[in-house]
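Got your viewer open? Let's take a short walk through this one, one selection at a time.

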Amino acid sequence: MSSNFTIQRKCVHCKQTFNAKTTVTRFCSKLCNKQFNAAKQRNEKIEAENLQPIILSAQAMQPLKNVEFLDTQKAARLLGVSRSFIYHLINTGTPKSNNYPALLKA
């Protein structure tokens, strides 16, 4: 069953206008459809990868947030830096109690 009409549409991917043969057509070509879906899948994977460390770190950090004083290893884990960087902060006098919550007693 074919239709004898065309509809002016704008391609979702490349934003060019084209004549669609059906009312549900979203893309001007199969190539635009393929590229749009590939980009969509890539962005979904990137979002999932970006959220995963946040979820894991939030679960791992919960016990550390309730401690009044932290040793260097726990402070490094809480701030997401290395222990040597924590020692550097201690030596330079950078950590202040108002900058980091309950940071260090070295």
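Before you click, one cut-off to keep in mind: a residue counts as buried when its relative accessible area is under 20%, as exposed when over 50%, and as partly exposed in between. And remember that you are looking at a predicted model.

**Stop one: C11.** Select C11, which is found in the loop between β1 and β2. Its relative accessible area is 1%, so C11 is buried. Who is around it? Leaving aside neighbours within four places in sequence, C11 is in contact with Q16, F18, R26, F27, C28 and C32. Show those side chains and keep them on screen. Now add S29: C11 and S29 are 18 residues apart in sequence, and their C-alphas are 8.6 Å apart in space.

**Stop two: K15.** Stay in the loop between β1 (7-10) and β2 (17-20), where K15 is also found. Is K15 buried or exposed? K15 is exposed, because its relative accessible area is 51%. Have a look at the backbone here too: phi of K15 is near 65 degrees, a positive value in a residue other than glycine.

**Stop three: the cysteines.** Go back to C28 and C32, two of the residues in contact with C11. How many disulfides does the structure hold? It holds zero. C28 is in no disulfide, and the nearest cysteine sulfur, that of C32, is 3.6 Å away. Pick C32 and you get the matching picture: C32 is in no disulfide, with the sulfur of C28 as the nearest cysteine sulfur at 3.6 Å. Why no disulfide at that distance? Because the pair of sulfur atoms would have to be within 2.5 Å to count. Switch on a surface and check the burial: C28 has a relative accessible area of 32%, so it is partly exposed, whereas C32, at 8%, is buried.

**Stop four: the aromatic pair.** F27 is another contact of C11, so select it together with F36. The count comes to one aromatic pair, and F27 and F36 form it: the pair is tilted, with 5.2 Å centre to centre and 50 degrees between the planes. F27 is buried, with a relative accessible area of 13%, while F36 is partly exposed at 24%.

**Last stop: T72.** Move along to helix α2 (residues 72-79), where T72 is found. T72 counts as buried because its relative accessibility is 13%. Display the side chain of Y87 as well: the side chain of T72 makes a polar contact with it, at 3.3 Å.

Notes: Residues numbered from 1 in each chain as written. Predicted model: local features only at pLDDT ≥ 70, side-chain atom pairs only at ≥ 80, totals over all residues. Heavy atoms only, no water. Helix = DSSP H or I, 4+ residues; strand = E, 2+ residues; numbered from the N terminus. Buried < 20%, exposed > 50% of the residue type's maximum accessible area, 1.4 Å probe, protein only. Polar contact = N/O pair within 3.5 Å; in protein donor to acceptor, adjacent residues only side chain to side chain. Phe/Tyr/Trp six-rings, centres within 6.5 Å; stacked < 30°, edge-to-face > 60°. Contact = heavy atoms within 4.5 Å.
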